[in-house]
Amino acid sequence: MAIRNTNKNNGTPPNSAALKQILKKCPTFGKKHDVPKGHFAVYVGKNRSRYVVPITFLANPEFQNLLQRAEEEFGFHHDMGITLPCDEQDFCFLISMMR
């Protein structure tokens, strides 16, 4: 699955208020004690592999798109944390481009 921009607002990233609303909906966001300060965990792929990523990734429009798709597909009201709807290989490619 390719990561593509499907924002309904013509490719412009959502504002910070929209991101805060998304993150507030996830009850486990930032609750794990084994996640370093300034990072959060996401789960990716069929096996739901866990990745710890820096909060700075939230500023990236492609990552914001993944969060919006995660909310639409999975919702944020479950115990597992944020699950991103993309292939693990595509996710690894995306984060390698963001570093």
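**Close-up views of a predicted model**

**View 1. The largest nonpolar core of this predicted model.** Of the 19 residues that make up this core, V42, F63, L84 and F91 touch the most other members. Two or more residues each are contributed by strand 1 (39-44), strand 2 (49-54), helix 2 (61-73), strand 3 (82-84) and helix 3 (88-98). In soluble globular proteins, nonpolar side chains tend to be buried together.

**View 2. The hairpin formed by strand 1 and strand 2.** The two strands run antiparallel and are joined by six bridges. Within this pairing, A41 has V52 of strand 2 as its bridge partner. Four residues lie between strand 1 and strand 2, and G45 in the turn has a positive phi of about 85°.

**View 3. The open sheet of three strands.** The strands are arranged in the order 2-1-3, with mixed pairing. Strand 2 and strand 3 are the edge strands, each pairing on one side only. On average, neighbouring strands of the sheet are turned by 40° against each other, direction ignored. Strand 1 pairs with strand 3 in the parallel sense over three bridges. One residue to locate here is V42, whose bridge partner in strand 3 is I82.

**View 4. Helix 2 and helix 3 against the strands.** Helix 2 packs on the sheet and touches strand 1, strand 2 and strand 3. The direction of helix 2 makes about 105° with that of strand 3. Helix 3 lies across strand 1, strand 2 and strand 3, and runs at about 15° to strand 2.

**View 5. The cysteines C86 and C92.** Why is there no bond between the sulfur of C86 and the closest cysteine sulfur, in C92? The two sulfur atoms are 8.7 Å apart, which is too far for a bond, because a disulfide requires cysteine sulfur atoms within 2.5 Å. The count of disulfides accordingly comes to zero. C86 counts as buried, at 7% relative accessibility, whereas C92 is partly exposed, with a relative accessible area of 32%.

**View 6. Confidence along the protein.** The mean pLDDT of the protein is 76, and 64% of its residues reach 70 or more. Where is confidence lowest, and where is it highest? Helix 1 (residues 16-24) has the lowest confidence, at a mean of 59, and strand 2 has the highest, at 93. Over residues 1-13, pLDDT stays under 50. For residues 1-13 the model has 26 contacts beyond four places in sequence.

Conventions
Residues are numbered from 1 along each chain as its sequence is written. This is a predicted model: local features need pLDDT of at least 70, side-chain atom pairs count only at pLDDT 80 or more; totals for chains, interfaces and linings use all residues. Side-chain values use heavy atoms; hydrogens and water are left out. A nonpolar core is a set of buried Ala, Val, Leu, Ile, Met, Phe, Trp, Tyr and Cys residues joined through side-chain atoms within 4.5 Å. Buried means under 20% relative accessible area, exposed over 50%, partly exposed in between (1.4 Å probe, protein chains only). pLDDT is the predictor's confidence in each residue, from 0 to 100. Contact means heavy atoms within 4.5 Å. Two strands pair if DSSP finds at least two bridges between them. Axes are lines fitted to C-alpha atoms, for helices over the stretch in contact, and angles run from 0 to 180 degrees between N-to-C directions.
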